[in-house]
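Here is a short briefing for a reader meeting this structure for the first time. Please keep the sequence and the 3D view at hand while reading.

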Amino acid sequence: MSPLPLTTVRLHLQPFDLADAPAVQEWAKDARVAATTLNIPHPYPDGAAEDWIGSLHEQHHRNRGTTVAIRLRHDDTLIGAMGLGIHPQHNRAELAYWIGVPYWGQGYATEAARAVIRYGFQDLGLHRIWAAAMVHNPASSRVLEKAGLKREGLLRQHVKKGDTYIDLVYYGLLQEEWASLCN
């Protein structure tokens, strides 16, 4: 995989370090963050942030994906995470992210998504990037649409979180569509 970090107007995106674990723990323990993601449990267990960061390094070294810390450029504050889970056989990746609640609604997720999508197509040579948003999280759908992904369909009660079945809206973007957006 090509080297990181990535920089945008307001953000610095770079691999996580174990020193980030306290900030990850703080953001991930918020029930509102957990409610918008499939893989963040609530309550968030102590030590889970360290385990998660360790798993990211292995994922990256096995060329199965890359997840970056989203930081504010002006003061290096960690505000979230965004990643590409790569499926090399099909030359595609799943885009996934979370943002700490105080930073919601400020365009940071869209800005980071555009940079990570560019990285996926330009540097990793992916053919397709896709993402899923929970129906009860329309803000995530807006992020994906603003980043250029197109709505492809609804999978009813497709996943289960806790005792609740959740509908997912799927989005996708092909490399040639992304290239035409850049022109």
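**Annotated span**

An unreviewed UniProt entry lists residues 11-176 as "domain: N-acetyltransferase". The model shown here is predicted. Within residues 11-176, 32% is helix and 37% is strand. The C-alpha atoms at the two ends of this span lie 26 Å apart.

**Nonpolar cores**

- The largest nonpolar core holds 55 residues. Leu13, Leu84, Leu95 and Ile117 have the most contacts inside this core.
- Helix H4, residues 108-123, supplies the largest share of the core, with nine residues.
- Ile117 has a wide set of partners, once neighbours within four places in sequence are left aside: Leu95, Ile129, Ala147, Leu149, Leu173 and Trp178 are in contact with Ile117.
- A second core is separate and has six residues, including Met134, Val159, Leu168 and Tyr170.

**Helix H3**

- Helix H3 runs over residues 48-61, which makes 14 residues. From first C-alpha to last, H3 reaches 20 Å, close to the 20 Å expected at 1.5 Å a residue.
- Ala48, Ala49, Ile53 and Leu56 are buried in H3. These four cover an arc of only 130 degrees around the axis, so they sit on the same side of H3.
- That buried side has two packing partners: the buried residues of H3 pack against helix H1 (21-28) and strand E3 (65-72).
- Asp51 and His61 are exposed, and they lie on the face of H3 turned away from its buried side.
- After H3 comes Asn63, which has a positive phi, near 60 degrees.

**Aromatic pairs**

- How many aromatic pairs does the count come to? The count is six.
- In one of them, the ring centres of Trp27 and Tyr103 are 5.7 Å apart. Their planes stand at 90 degrees, over the 60 degrees needed, so the pair is edge-to-face.
- Trp27 belongs to helix H1, while Tyr103 is in the loop between strand E5 (92-99) and H4. The two are 76 residues apart in sequence, so their pairing ties together distant parts of the chain.
- Are Trp27 and Tyr103 buried or exposed? Trp27 has 16% relative accessibility, so it counts as buried, the limit being under 20%. Tyr103 is buried too, because its relative accessible area is 18%.
- Phe16, Trp52 and Trp98 form a cluster linked by ring pairs.

Notes. Residues numbered from 1 in each chain as written. Predicted model: local features only at pLDDT ≥ 70, side-chain atom pairs only at ≥ 80, totals over all residues. Heavy atoms only, no water. Core = buried A, V, L, I, M, F, W, Y, C linked by side-chain atoms within 4.5 Å. Buried < 20%, exposed > 50% of the residue type's maximum accessible area, 1.4 Å probe, protein only. Contact = heavy atoms within 4.5 Å. Expected span 1.5 Å × (residues − 1). Arc of directions from axis to C-beta. UniProt positions renumbered as here; feature names shortened; annotations may be inferred. Phe/Tyr/Trp six-rings, centres within 6.5 Å; stacked < 30°, edge-to-face > 60°.
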